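Colleague: Could you take me on a close look at one part of this model, the chain that is written first? I would like to see how its pieces fit together and how they meet the partner chain.

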Amino acid sequence: MEVLSDNNWALSVGTFLPLLGVLVMLFIPKAQETATKAVALITAVATLGVGIFTLTQFNFDQAGKMQFVAQTNWISVLKSTYFVGIDGISLPLYLLSMVITVLVMIYSWNHVPEPGNTKAFFALMLILQTGMAGTFIARDLILFFVFFELVLLPMYFMIGVWGGENRQYASLKFFLYTMFGSALMLVAFLALFFKTGAESFSIPFLIEQGAGISRNAQIWIFGGMFVGFAVKVPMFPFHTWLPDAHTQAPTQGSVILAAVLLKLGTYGFVRIAIPILPVAAKEWAPWIGLLAVIGIIYGALGCLAQTDMKRLIAFSSVAHMGFVMLGISTLTSFGMNAAVFGMVAHGLITGMLFFIAGSVKERYHTLEISRLSGMLKQMPRMGWILGFCVMASLGLPGLAGFWGEFPAILSAYQPAAGLSEVTFRIFMVIAAVGTVLAAGYLLWLFQRIAFGEPTAEFSGDSHDDHGSGIHDVNVFEWMAWAPLLAAILVLGVYPNLLFKIIDPAVQGVLSAFGG
Amino acid sequence: MFFAAETAETVETVLKSGWFLENAWLIPLMPVIAFVLIIAYGKKMPMKGSEFGIASLLASLAVSVGAAYQWIQRVDSAAPEAFVAPVIKTWTWWESAGFSFGIGQHIDGLSLTLLVVVTLISTLVEIYSVEYLRGDIRYTHFFGALTLFSAGMLNMVLAENMIQLILGWEIMGMCSFLLIGHWWEDGANSRAALKAFFTTRTGDIGLLVGTSVLFFASNAWTQKTLGISGFTVRGLSAWALSGDPGHAAITVGAVALFIACIGKSGQFPLHTWLPDAMAGPTPVSSLLHSSTMVVAGVYLVARLYPVFFTGMNILGTNLNLIVLIGGITIVIAAALAFVQADIKKVLAYSTVSQLGYMMMGLGAGAWLPAVFHIFTHAFFKACLFLCAGSVSHSASHHSFDMKKDMGGLRKFMPITFATWIISTLALCGVFPFSGFFSKDEIIDNVGHNGYTMFMVLGLTGAFLTAAYMTRATYLTFNGKPRGAAAGAHDSHDAHDTHDAHASRGPHESGLLITVPLMILAALALGAGFLNPAPLGEKWERMKHWVEPRPEVISPTGISVMASGPGEARVLTSPRAEEAKHESPCGTTTPTGGICVAPQLDHAPFKWSKALMSMLIVFLGGFLSWVLCVQLYGKKNPKLVGLTQRNKALGAGYLFLQNKYYLDALYEKVIVHGIAHPVAQAVYWFNQNVIDGVVNGFGTVVRKVSGWVYRNVDQRVVDGAVNGSAAVAQNAGSAIRPIQSGKVNQYGALLFGAAAIGALILVIINT
């Protein structure tokens, strides 16, 4: 594969700069909270700056090729190298992780959840950032695995320390479940390594060699990767860690989890599993598609049964990631494009929804849907922002969600050659039904929370002063949310901003399938 | 005419174009900008944002009218039977799989008809709303949503391709949700909003599926022949008539799209949302739920007519899905209009019924009459709704209950009454009001094309229409004022912010309300003369300007050339005129070119037929009048309470009252079923079965690991694990309560297992 390696320092700096920030933070006394926060935020902004530099230097005419490539010796005994690069698929996700980290930090400025400990909280977010960015640029499986696992620990602590009442169960479940998946993934990576002659963990090398592995071995290896990635996505039936983790996690954790962490799984499919093991991918595709559409319907029905706003949004992720996986399972460039767009769109929209849920919880001290009502009356701006995000989430054209959803449905009509058209057309119709259910649970949520009169409990009519702390969107929230809202709108109105760079890269990924 | 082989005989014509035609894409864009301004600055403006909306719509109206004028010149610049190329513009919007898909404009007679109607009615309705909603708590929001709605509709109308059409379609749906639920403090309103969005969205499954099916079926052909995608209106139209489409694909695609049309245009059996949508403010009912948004489905059928023509085999058999649904809807909805007490609901069912006429017309090959009916219906139905609004605003104290709060308003509201009567006559199809020229043409052509049974349904509908409109007119304007109209106060209205007028008793509304009424009434009276079949071919201007001519054209003949603004060149054969009735479009495969419109026949106008249908209308009106006088006026004891005494009549009445029990089926059975038992069952499965497995696995692992810890770990594995455990415990000293030690064990265990597993896998597969 032809590579472009100008400015090859950019990715490494962009990835590891947050760790430098953590190092600096270690020397700041715990009591100086503002200084700690400032250092963390400056680091995150500087990281984003490097990301934006990468964006400006990115050669958009060559979006299908790996750029900023750097390769150097790393663990020679494992034949693993430090090998990074970025193309049209990774770039949006790489930048998304940076943007989300900055916004989450802005939001956290005056929203550090109980039990405090600002320093640790911000440090964990920076470590998380390194892990996320690293995963998206890694071109070596061991490197990928290290970053992929690096993400786990900070998130585990975030949920376990700053989470809700049931945080211990949720965090342990999250950790072990993901770990279980990772273990199988590692098995698969090692098997792949041995089957290709134990020469290298480099992804381009494995893409060349992987096709030569026997069909049976491919299917087994793919299976290992599948579990690892599917847990992360999460796909039905490996999803049960998600509602617990989301519900218990602090707002910041939920946002990062939804916006970026889930994408590590789908990214793994697109970047690693499918291009390296094309034969197995074809065998697995109908099953992945099946689980994806089950997830769409099942997640939606799960949403309808929820009484807690945050848990509802969490379940909606299962449904939305189902659309992403459906797109991937078609093994066509239509589907993959939709999937990558869907990853970004879901990150923005669901991230935003979790932000709102956090702010609602902070004001009302509850997320029980039946106790919330008339939000538009008490907090009109917050209410309309929720309305906007709900519309985006249900796939309204003109907002980002549509471009992940409709093309995914479209692509299922005609999957890659060799896949059963009938099967996928059935999936298409089921997925289309899923859009109706999505409209159902999201609008129902909006109708119950935002419309109507505030309940007596919060309207100030009763003798409790529950209603007194309720104020509309504050300045930190505006700063954290405005970029996300703008991105949802801009990508919705002019989707080609993303499609233009994704498409060539996707064509590259699918070259094993004959385009 | 097979000019490709006979170039010597062809003549090249440069079609006229102009600035307005070329820049018609500005028409939806201006309201979008106004929407942004309203949201950003509306509340600070002297007229609270309504000025942005009205100004943008006036500008859009001006561009639409300009474009329509230039289109007429364009038509006149072409040879009498030559194809007039639409003015198409496109910019890249998104790309995928190496194809690029556009957004732009597709301007021809059909889209211009709708553009003019929508901008005109939107403008009038916004002006009306300035008075009608004065002092409303969400005045600015209202104008924002209304303006965005217009933008969505306009965008859908001039859409160059299906994705752009979906964009406008869904934006309308969303605005409809906001506007129906405008007074969302009341649970009933927000539920109606949810219902409307949800029902149309259910139909939209078809839109997504149909678009996908048609895209993949046609894309290869359109790319090869025309160099455009299988989403484009032009591409799909040409493909549908090319003889290329496989039978199954185009039928499935057409049926799927039609399901979306059923939902959006309130056709049976998805019509149930439309009457509930009357919960919105009256201007919303007038604009969205009668004259514009609900015709979106009809418009889609008309826009992609070749697809439906081929897919549904229109004219090929004497029954197809479109004509069937349309015909059923006419009668089903008209019958429901009889049992309504709410004047707006009468009009809502009337709208459903009239949309049925349009669908039936399209399904029976009466394309132009159906499109003409969209045009005339928009004026008189908008007028009727605004009259109802005027009554509630100035006479019945915000009530819409004809039986309780109206009556005798004829004397107090002369303008409202006069405009109502004109529009009612137009709706009933009385000569020479506009509805006559469109509705009668539909009925006539449906019969002419061999759909005799549906002609009968159409005539039945005409009878029923005259009857229920007479009843509504009688209850509202005749007799003596009752209830609120008589000055009785009722505290049922939560949105009332201005009580002053109530004490004055019923009176005529102000100019901001009556002027739009008069303009619309004038159009309801006169618009029919744009295509008066009785006066002969020469008078049928609408046919001349709007109906696409079914000619075989070269693939490049309809593309805009780079040479200048809109200078489409059309190759026509001098023999075209004689070849008129030999056009192969729609019947056989065109050779040497493409068709974008099928050859359709027109029924010759006969006074005898027209007189017969007029007679039916008068009969309906007369019988209804007699009944009303007896029942409501004289309270004839034989008629009052008849439905309670006569079992059969009572059952029929109950059946209608309950809207054929469709609502009960949808809400109580389907929606409630999915939202409650099914969702609960799935969630139970999730928590107890799937999660049970996960937790059970966790417990087993914990037990096993305890055993391993005692027996293996303590003796065998120590150095590495203990070392890493120490590190983790130091780092996580703040997190001691979370059993970090255990996590570590699991981790170590899993990694060990991973290595062993990998080894086994490799050995097995070697």
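Modeller: Happy to! Chain A contains 20 helices and three strands, and please keep in mind that this is a predicted model. Along the principal axes, the C-alpha atoms of chain A fill a box of roughly 75 × 60 × 40 Å. The radius of gyration of chain A is 22 Å, which agrees with the value near 24 Å for a compact globule of 515 residues. Burial can be put beside that: 68% of the 515 residues of chain A count as buried. Then there are the contacts in chain A with a separation of 6 or more, 79% of which join residues 24 or more positions apart.

Let's start with the strands. In chain A, β2 (residues 66–75) and β3 (residues 80–86) pair in the antiparallel sense, over six bridges. If you want one pair to look at, take A:Gln71, whose bridge partner in β3(A) is A:Phe83. The hairpin of β2(A) and β3(A) has four residues between the strands, and A:Lys79 takes a positive phi near 60 degrees there.

Now for the helices, beginning with α10 of chain A, residues 241–248. This helix is mostly covered, with eight of its eight residues buried. The buried set of α10(A) consists of A:Trp241, A:Leu242, A:Pro243, A:Asp244, A:Ala245, A:His246, A:Thr247 and A:Gln248. As for what covers them, these buried residues of α10(A) pack against α6, α7, α11 (251–276) and α13 (309–329) of chain A.

A single residue gives another view of the interior. A:Ala339 sits in helix α14 of chain A, and A:Ala339 counts as buried because 29 C-beta neighbours lie inside 10 Å; the cut-off for that label is 20 or more. Setting aside its neighbours within four places in sequence, A:Ala339 touches A:Thr266, A:Val270, A:Val324, A:Gly327, A:Ile328 and A:Ala408. A further distance you may like to check is the one to A:Ala259, which is 80 residues away along the chain: the two C-alpha atoms are separated by 14 Å.

Next comes the meeting with the partner. Chain A brings 64 residues to the contact and chain B brings 56 residues. On the side of chain A that touches chain B, the elements giving two or more residues are α6 (152–162), α7 (167–195), α9 (215–232), α12 (278–304), α14 (333–364), α17 (400–413), α18 (421–450) and α20 (496–509) of chain A. The largest share of that side is the 14 residues from α7(A). By type, the residues of chain A on this side divide into 41 nonpolar, 19 polar and four charged. You will recognise some names here: α6 and α7 of chain A also pack against the buried residues of α10(A), and α14 of chain A is the helix that holds A:Ala339.

Finally, a short look across at chain B. Its helix α22 (residues 511–526) has 16 residues and reaches 22 Å from first C-alpha to last, close to the 22 Å expected at 1.5 Å a residue. Among the buried residues of α22(B) are B:Ile513, B:Pro516, B:Leu520 and B:Leu523. The buried residues of α22(B) pack against α4 (109–132), α16 (367–394), α18 (414–428) and α19 (434–448) of chain B.

How values were computed: Residues are numbered from 1 along each chain as its sequence is written. Chains are lettered from A and ligands numbered from 1 in the order in which they are written. This is a predicted model: local features need pLDDT of at least 70, side-chain atom pairs count only at pLDDT 80 or more; totals for chains, interfaces and linings use all residues. Two residues are in contact if their C-beta atoms, placed from the backbone, lie within 7 Å. Ala, Val, Leu, Ile, Met, Phe, Trp, Tyr, Cys and Pro count as nonpolar, Asp, Glu, Lys and Arg as charged, and the others, Gly among them, as polar. Two strands pair if DSSP finds at least two bridges between them. The expected span of a helix is 1.5 Å times one less than its number of residues. A residue is buried if 20 or more other C-beta atoms lie within 10 Å of its own, exposed if 12 or fewer, and partly exposed in between; C-beta atoms are placed from the backbone. The radius of gyration is taken over C-alpha atoms; the globule rule is 2.2 Å times the number of residues to the power 0.38.
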